[in-house]
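Biologist: I would like a close look at one part of this model, namely its salt bridges. Please take me through them slowly, and then set them in the wider picture.

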Amino acid sequence: IFCDTTPDDIKQQEKTNREIENDLKKDKMSFRSTHRLLLLGGGESGKSTIVKQMKILHINGFTEEEKREKVLTIKINVRDAISSICMAMPTIGLEPENMCRGSKLAYDYITNIPAEFDYPQVFYDHVSTLWQDPHIQECYDRSHEYQLIDSAKYFLDKGVVSFK
């Protein structure tokens with residue numbers, strides 16, 4: 001104890017120490033009662049899906065901000081899925097030049113989308129046109145020959161309708 005420490009200072013220090021000790025005990029109890037789960041798996045195996053399901057079931061779903069973020073994620077997934085299919089066509093021997101004029105215009109639009117993109121209605125119109133094209137469907141059917149997210153069909157079947 002220092003020379004100029006008063007009894008009131010000592011009481012205050014002891015009180016502060018007790019508060020800190022109590023906070024540490026509460027944190028320790030909280031830490032011990034927390035369940036941790038290590039999810040292992042390759043890409044696209046559903047690890048984050050399990051976490052999202054748990055949040056929906058046990059933490060009353062998503063906040064409004066999280067829902068807005070999910071909308072952007074869905075838009076990105078639609079873009080990535082249709083872009084992957086379009087980019088894979090020449091790789092697997094399907095020539096975009098063989099597509100009908102409307103599909104070819106949509107293909108050119110999709111394959112030239114910049115990284116920063118605001119998803120105008122024309123984008124969804126082109127996605128819808130392409131998804132109905134038999135060449136795109138054939139390319140999708142051969143998706144085992146290139147990398148495509150597992151949920152591509154879902155997003156292209158349902159996602160296009162959702163944003164129109």
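Modeller: Happy to! A search of the whole structure turns up six salt bridges. Please keep in mind that this is a predicted model. Let us go through some of the pairs one by one, asking how far apart the atoms are and how much of each partner is accessible.

We can start with Asp80 and Arg79. These two form a salt bridge whose closest N and O atoms are 3.4 Å apart, which falls inside the 4 Å cut-off for such a pair. Is each partner buried or partly exposed? Asp80 has a relative accessibility of 33%, so it counts as partly exposed. Arg79, at 16% relative accessible area, is buried, because the limit for that label is under 20%. So this salt bridge joins a buried residue to a partly exposed one.

Next comes Glu145, which is paired with Arg142; here the closest N and O atoms are 2.9 Å apart. Glu145 is partly exposed, with 40% relative accessibility. Arg142 also counts as partly exposed, at 22%; the boundary with buried lies at 20%. Which residues are linked in a network with this pair? Salt bridges connect Glu138, Arg142 and Glu145 into a network.

Now to Lys153 and Asp157. Their salt bridge has its closest N and O atoms 2.9 Å apart. Where do the two residues lie? Both belong to helix H7, residues 152-162, and they are four residues apart, about one turn of the helix. Lys153 is partly exposed at 37% relative accessible area, and Asp157 is partly exposed at 33%.

With those pairs in hand, here is the wider picture. The protein chain has seven helices and zero strands, so from the N terminus on its elements read α-α-α-α-α-α-α. Its radius of gyration is 27 Å, well over the 15 Å that the globule rule gives for 164 residues, so the chain is more spread out than a compact globule. The C-alpha atoms, taken along the principal axes, fill a box of roughly 90 × 30 × 30 Å. Buried residues make up 25% of the 164 residues. The accessible surface comes to about 11,900 Å², and 55% of that belongs to carbon and sulfur atoms. Among contacts with a separation of 6 or more, 64% are between residues 24 or more positions apart.

To see what burial looks like in one helix, turn to H4, residues 101-110. Its buried residues are Ser103, Ala106, Tyr107 and Ile110. Seen down the axis of H4, they fall within an arc of 105°, so they line one face of the helix. What covers these buried residues includes helix H3 (64-91) and helix H5 (121-131).

One last stop is the loop between H4 and H5, where Tyr119 lies. Phi of Tyr119 is near 55°, a positive value in a residue other than glycine. Tyr119 is buried too, with a relative accessible area of 9%.

Note on methods: Residues are numbered from 1 along each chain as its sequence is written. This is a predicted model: local features need pLDDT of at least 70, side-chain atom pairs count only at pLDDT 80 or more; totals for chains, interfaces and linings use all residues. Side-chain values use heavy atoms; hydrogens and water are left out. Buried means under 20% relative accessible area, exposed over 50%, partly exposed in between (1.4 Å probe, protein chains only). The arc is that of the directions from the helix axis to the C-beta atoms. Contact means heavy atoms within 4.5 Å. A salt bridge is a side-chain nitrogen of Lys or Arg within 4 Å of a carboxyl oxygen of Asp or Glu. The radius of gyration is taken over C-alpha atoms; the globule rule is 2.2 Å times the number of residues to the power 0.38. Accessible areas come from the Shrake-Rupley method with a 1.4 Å probe; for residues, only the protein chains shown count as cover.
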